[in-house]
Amino acid sequence: MDIKAIVLDIDGTLLTSNQVISEKTKKALIAAQANGIKVILASGRPTTGMLELAEQLDLPEYAGLLVSYNGSRVTDCLTKEVLFNQALDIETGQAILAHLKKFDVIPMIDKDEYLYVNDVYNNLLHLPEGDFNIIEYEARGGNFSLCEIDDLAAFATFPINKILIAAQPDYLQKQAAAIYAPFSETVTAAFSAPFYFEFTAKGIDKAKALKAVFPTLGISANNVIAFGDGQNDRSIIEYAGIGVAMGNAAEELKMLADDVTFSCDEDGIAASLEKYL
């Protein structure tokens, strides 16, 4: 198979559990680019939360791509040009944010350099690993300043690429259907972690973003190897000629994948690239 592109989820895939790119994985990806293979980071993260990782992997030098907001936007790392963008329309975004007031969740939206939330002090998730300040994590990860807005629905008079909600995992699992129900015909929603549920425009996923830009680059699905670990990676695993689930991936993703590699803490990406390249 003639591999022309490597598509990578970030959290739980490219990054170790310590939130770093291992040296072995970094070297493998830079070497692949030096041999003419394009590297694409595909994440639920905002574009600003991917730029530092792109720099670490030399994506600007090799014209790599960033697929952000679960596929709502694609950016060329070299030219900074937005190659694809499909956001929630204003009316739909406001309706979702108004609906979320009925639930014990933490909604977050971003615009320019700010992450907007209702209350910066309502920020803790009580996870098995300990208390986790989810708002601080998202703000730092996206390189955002924080801004409090009492009524996000009234405030959001602009298209939104993604509405992110965070909540206690057990609660979110139980309430997800009710949260999504009024919008199931008009938007796309998915878990990106047990405590994250995300809304994007209808039909948006990571694979749709790739399909929008790859034809102009002479890349087809058969030229792609993709790596992922979560529910929001299903589309790229199914789309790619070789879809690889990480060893730490959800079991449902492993069942769909063409192959299963080692975990993100065991250089699973590097091992697969050695195998297939």
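**Exercise 1. Charges**

Find how far apart the mean positions of the positive and negative charges of the protein are.

*Solution.* Start with the counts: this predicted model has 21 positive and 39 negative charges. Next, take the mean position of each set; the two means are 4 Å apart.

**Exercise 2. Overall build**

Work out whether the protein is as compact as a globular protein of its length.

*Solution.* First, list the parts: there are 12 helices and 16 strands. Now look at the radius of gyration, which is 18 Å; the globule rule gives 19 Å for 277 residues, and the two values are close, so the protein is as compact as a globular protein of that length. For a feel of the dimensions, the C-alpha trace spans about 50 × 40 × 35 Å along the principal axes.

**Exercise 3. Inside and outside**

Say what share of the residues is buried, and what supplies the exposed area.

*Solution.* Begin inside: 53% of the 277 residues count as buried. Then step outside, where the protein exposes about 12300 Å², with 50% of that coming from carbon and sulfur atoms. One more step covers how the chain meets itself: take the contacts between residues at least 6 apart in sequence, and 61% of them join residues at least 24 apart.

**Exercise 4. A buried salt bridge**

Which parts of the chain does the salt bridge of Asp233 and Lys206 tie together?

*Solution.* Check the distance first. The side chains of Asp233 and Lys206 come to 2.5 Å, N to O, and the cut-off for a salt bridge is 4 Å. Now place the partners: Asp233 sits in the loop between β14 (224-228) and α10 (234-239), while Lys206 belongs to helix α9 (residues 206-217), so the pair ties together parts that are 27 residues apart in sequence.

Then ask about burial, where the limit is under 20% relative accessible area. Asp233 has 0% relative accessibility and counts as buried. Lys206 is buried too, at 1%.

**Exercise 5. Salt bridges within helices**

How far apart in their helix are Arg234 and Glu238, and where do Glu251 and Lys254 lie?

*Solution.* Take Arg234 and Glu238 to begin with. Their closest N and O atoms are 3.1 Å apart, and they form a salt bridge. Both sit in helix α10, 4 residues apart, which means about one helical turn between them. As for exposure, Arg234 is partly exposed at 39% relative accessible area, and Glu238 is partly exposed at 46%.

Now move to Glu251 and Lys254, whose side chains meet in a salt bridge at 3.4 Å, N to O. This pair lies in helix α11 (residues 251-256), 3 residues apart, again about one turn of the helix. Glu251 is exposed, with a relative accessible area of 53%.

To finish, put the pairs in context. Some salt bridges share partners, and these join Asp9, Lys206 and Asp233 into one network. The count for the protein comes to 11 salt bridges.

**Exercise 6. Placing Thr157**

Is Thr157 buried or exposed, and which residues does Thr157 contact beyond its sequence neighbours?

*Solution.* Locate the residue first: Thr157 is in the loop between α7 (152-155) and β11 (163-166). Its relative accessibility is 55%, and exposed means over 50%, so Thr157 counts as exposed. Next, set aside the neighbours within four places in sequence; Thr157 is then in contact with Ile90 and Gln94. Lastly, compare Thr157 with Thr47, 110 residues away along the chain: their C-alpha atoms are separated by 21 Å.

Methods: Residues are numbered from 1 along each chain as its sequence is written. This is a predicted model: local features need pLDDT of at least 70, side-chain atom pairs count only at pLDDT 80 or more; totals for chains, interfaces and linings use all residues. Side-chain values use heavy atoms; hydrogens and water are left out. Helices (H or I, at least four residues) and strands (E, at least two) are DSSP runs, numbered from the N terminus. The radius of gyration is taken over C-alpha atoms; the globule rule is 2.2 Å times the number of residues to the power 0.38. Buried means under 20% relative accessible area, exposed over 50%, partly exposed in between (1.4 Å probe, protein chains only). Contact means heavy atoms within 4.5 Å. Accessible areas come from the Shrake-Rupley method with a 1.4 Å probe; for residues, only the protein chains shown count as cover. Lys and Arg count as positive and Asp and Glu as negative; His and the chain ends are not counted. The place of a charge is taken as NZ of Lys, CZ of Arg, CG of Asp or CD of Glu.
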